[in-house]
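Colleague: Please walk me through how to read the strand pairing, the packing and the chain contacts here, one feature at a time.

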Amino acid sequence: MPETVISVTNLLKSYSDITAVDGISFSINRGEVFSLLGPNGAGKTTTVEILEGVRNRTSGDIRVLGEDPEKSRSLIFKLGILPQDFSFIYNSTPKEALDFYKGTLTASSDLNEILEMVELGDKATTPFQKLSGGQKQKLGLALSLVNDPEILFLDEPTSGLDPRARRNIWNVIKTLKEKGKSILLTTHYLEEAELLADRVAIMNKGKIIDSGTPMEIVERHHEDDNLIIRGDGQVENLLGSGGYQFQREGPYIKVGLKSIRDATEIINYLYEKKAKFDDFTLKRESLEDVFVRMVGEIEEDETE
Amino acid sequence: MKPSRISAYFVLHAKSYMRSRSALFFQIAFPIILILLFGAIFSGSSYSPTTLIVQNESPSAASWGVISAINDSGLFKVQVISETQNLSDYITVHSVQAALLVPANFTTNLYNGGVGELVLKGHTNPTVASADYQTLNGVLTQIDFRTSNTSQKLVLSSQVALGNTGKTIDYYVPGLIGFTVLSTMFNMVYTVPNYRRERLFRQLSFSGLTKSEWITANMIFSFLMLVLSDVILVTIGIYAFGASLTLNAETIVVSAVIIFGGLFFFTSVGILAGLVSDNEETVSVVGNLVMFPMMFLSGVFFPLSFAPAYLVTISKFLPLTYFINSLISVLDYGNISSVSLQIVYLLIGSAILFAIAVKLFSWKQK
Ligand SMILES: Nc1ncnc2c1ncn2[C@@H]1O[C@H](COP(=O)(O)OP(=O)(O)OP(=O)(O)O)[C@@H](O)[C@H]1O
Ligand SMILES: [Mg+2]
């Protein structure tokens with residue numbers, strides 16, 4: 001039996017006018033990367049902040065490392081937290097911020113190593129207000145690592161980062177996972193969740209609408225696989241006369257497949273007809289495709 | 001409360017503070033500029049006093065005694081003109097701001113146990129004349145010329161008392177110390193709403209730092225900054241402008257206690273003001289609403305004894321007045337016993353207010 005480090009049962013949080021989290025339950029095992037996904041306002045940050053002990057819940061039961069974060073004073077020393085809207089004292093430098101954390105948390109970590117890990121070494125003595133958005137974000141991540149925490153709460157750690165920096169943070173998260181850290185990750189980049197998360201939960205309007213491994217979710221909700229062909233109008237005409245359903249998307253033609261094997265049949269058909277096309281790929285729906293549809297369907301249901 | 005966390009935050013705060021030009025300006029540079037300014041304007045008055053034209057129509061030991069006492073106060077340089085001149089003409093011809101007339105009945109009235117009336121004759125500018133009037137009035141009160149036995153001896157003994165109260169710079173040193181204590185309020189008035197908006201208290205709490213530790217570190221730092229700026233003020237006051245302050249182990253310790261109480265008081269006011277301001281505009285409105293009346297009416301910028309009665313009444317409701325009065329009493333006169341009860345009240349009041357402010361000041365999100 002894997003050890004449960006976070007358990008959430010019927011968690012509910014209402015603000016004066018809305019219910020931000022509406023009776024959700026999930027648990028996270030030690031060493032697992034668990035990702036909360038959902039559109040803006042779904043209730044992800046609220047959930048994470050309740051687990052961090054920053055906000056009080058309205059009802060429900062939560063346990064983080066066996067303790068109630070609302071009451072425990074010592075829990076904070078075992079957690080690493082990167083909030084969504086991370087900010088710091090405007091004229092303190094990353095070096096000073098890290099020194100401060102090291103002092104208060106009585107940690108023995110190597111601060112230079114942490115700075116290098118998040119690629120902030122050359123900005124160690126730049127005041128916070130003079131850092132770029134992405135650099136600020138990296139400082140937030142660096143601070144969450146000072147106490148070598150058992151659990152990390154990373155609320156959108158890669159938003160605002162350039163693609164290379166994002167990949168670097170992914171590597172940091174992978175390294176943390178290898179070290180056996182448990183991580184609760186929220187993100188709007190579905191590929192990030194697909195790549196890093198062992199399990200995901202998709203939230204919408206305060207409720208979890210599905211959860212499981214990314215593969216399981218895609219498996220449960222995917223529609224037809226697609227054959228993507230880069231080709232011109234001639235290819236379209238041929239596909240039309242062959243009786244295939246397709247859609248044009250920019251330079252690509254997307255052909256829906258009942259079964260993956262149909263792909264060979266279509267390609268052979270186009271060869272026979274001497275159609276000119278540059279390349280083709282076979283594409284299953286990604287978590288993002290499935291996500292957009294799941295969340296979109298609910299929106300549509302409600303507007304009916 | 002853990003000392004290691006307090007010191008970790010102290011270091012972080014001190015470094016950020018030292019990098020903040022506006023904080024340094026208001027804490028250190030501004031009071032220095034003010035004392036240089038006040039010193040230049042007012043300390044001069046004791047070395048090159050306003051010339052006061054005096055005409056004595058009632059020559060006697062009593063009247064000349066009063067006139068020489070006025071001269072010895074250091075606030076006026078008396079220049080006597082002959083009885084035969086027409087004083088009003090003299091004022092006009094020589095463009096004199098104001099001149100003092102000792103009327104013919106002055107001595108007789110005094111010897112009959114009545115009031116010896118002196119007349120200040122003004123020229124055109126009423127405010128200057130009125131300032132002269134206030135100052136002169138203060139001087140005359142000290143001389144106590146209503147005693148029927150106006151011997152030379154009485155006048156001389158008044159001179160000693162005047163030697164201490166006469167110099168305006170003596171008065172401004174405690175006033176400006178009060179000002180530095182008052183400005184600690186602004187650390188909180190701006191920090192609290194700003195840190196709440198930026199959610200920095202939440203971020204600090206992730207480091208394990210608690211609210212009480214944060215406040216303690218802030219107070220220790222503010223106190224050290226106060227000691228620094230006040231030592232500079234006193235040094236400039238004494239060495240640059242010749243302020244005569246009573247400095248000994250006792251008065252220094254008691255002054256430090258008053259400053260410490262003031263720090264608690266105004267930090268609490270700052271926290272409370274910061275809590276009611278939820279955006280930048282209200283911050284400066286609330287801040288100035290608290291700051292300016294106190295600054296001007298508590299005697300930082302001008303001695304209240306010269307102010308109209310209704311302002312004096314208002315000042316009685318402003319806590320800063322009591323801090324400054326206590327400091328004046330201790331630093332200028334070395335008089336601790338007469339204000340010791342007042343100091344105890346101030347400390348108790350500060351402690352209560354501080355407890356309320358800390359209680360209302362929550363780091364948690366709703
Ligand atoms: N302090 C607050 N007071 C009132 N309502 C709030 C407060 N904080 C959040 N909400 C509301 O709660 C809901 C959930 O917000 P939350 O921040 O948890 O969403 P989220 O899933 O993190 O969104 P995003 O992806 O944009 O970060 C939103 O409708 C939001 O408007
Ligand atoms: Mg969020």
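**Reading the model**

Colleague: Which residue of S2(A) stands opposite Ile6(A)?

Modeller: Ile28(A) in S2(A) stands opposite Ile6(A). This is a predicted model, in which local features need pLDDT of at least 70 and side-chain atom pairs count only at pLDDT 80 or more, while totals for chains, interfaces and linings use all residues. Residues are numbered from 1 along each chain as its sequence is written, chains are lettered from A and ligands numbered from 1 in the order in which they are written, and side-chain values use heavy atoms, leaving out hydrogens and water.

Colleague: In what sense do S1(A) and S2(A) pair?

Modeller: Two strands pair if DSSP finds at least two bridges between them; strands (E, at least two residues) and helices (H or I, at least four) are DSSP runs numbered from the N terminus. Here S1(A) and S2(A), residues 19-29, pair in the antiparallel sense over 8 bridges. A hairpin of 4 residues joins S1(A) to S2(A). S1(A) also pairs with S4(A), residues 59-64, in the antiparallel sense over 5 bridges, and there Leu12(A) has Ser59(A) as its bridge partner.

Colleague: What about backbone angles: which strand holds Asn10(A)?

Modeller: Asn10(A) lies in S1(A), residues 4-14. Although Asn10(A) is not a glycine, its phi is positive, about 50°. Lys274(A), also not a glycine, has a positive phi near 60°. Lys274(A) sits in the loop between H9 (262-272) and S13 (277-283) of chain A.

Colleague: How many strands form the sheet that contains S5(A) and S9(A), and in what order?

Modeller: Read a sheet by strand order, then by its edges. This open sheet of chain A has 6 strands in the order S5-S6-S7-S3-S8-S9, with mixed pairing. S5 (79-82) and S9 (207-212) of chain A are the edge strands, each pairing on one side only. From one strand to the next the twist averages 15°, with axes fitted to C-alpha atoms, for helices over the stretch in contact, and angles running from 0 to 180 degrees between N-to-C directions.

Colleague: Parallel or antiparallel: how do S5(A) and S6(A) pair?

Modeller: S5(A) and S6(A), residues 151-155, pair in the parallel sense over 4 bridges. Within that pair, Leu82(A) is opposite Leu154(A). H4(A), residues 133-145, packs on the sheet and touches S5 and S6 of chain A, its direction making about 170° with that of S5(A); contact means heavy atoms within 4.5 Å.

Colleague: What is the strand order of the sheet with antiparallel pairing?

Modeller: That open sheet of chain A has 4 strands in the order S11-S12-S10-S13. S11 (246-249) and S13 of chain A are the edge strands, each pairing on one side only. The twist averages 25° from one strand to the next. S10(A), residues 225-231, and S13(A) pair over 6 bridges in the antiparallel sense, with Arg230(A) opposite Asp279(A). H8(A), residues 233-241, packs on this sheet, touching S10, S11, S12 (252-257) and S13 of chain A, and its direction makes about 165° with that of S11(A).

Colleague: Now the interface: how many residues of chain A are in contact with chain B?

Modeller: Start with the counts and the area. In chain A, 32 residues are in contact with 25 residues of chain B. The two chains bury about 2500 Å² between them, 55% of it on carbon and sulfur atoms; buried area is the accessible area (1.4 Å probe) that two parts lose on being put together, summed over both. Val54(A), Ile89(A) and Phe100(A) supply 24% of the area that chain A buries against chain B, more than any other three residues.

Colleague: How many salt bridges does the rule find across the interface of chain A and chain B?

Modeller: The rule finds 5 salt bridges there, each a side-chain nitrogen of Lys or Arg within 4 Å of a carboxyl oxygen of Asp or Glu. One of them is formed by Glu96(A) and Arg19(B), whose closest N and O atoms are 2.4 Å apart.

Colleague: Which helices of chain A each supply at least two residues of the side that touches chain B?

Modeller: H1 (44-52) and H2 (94-104) of chain A each do so. H2(A) gives the most, with 6 residues.
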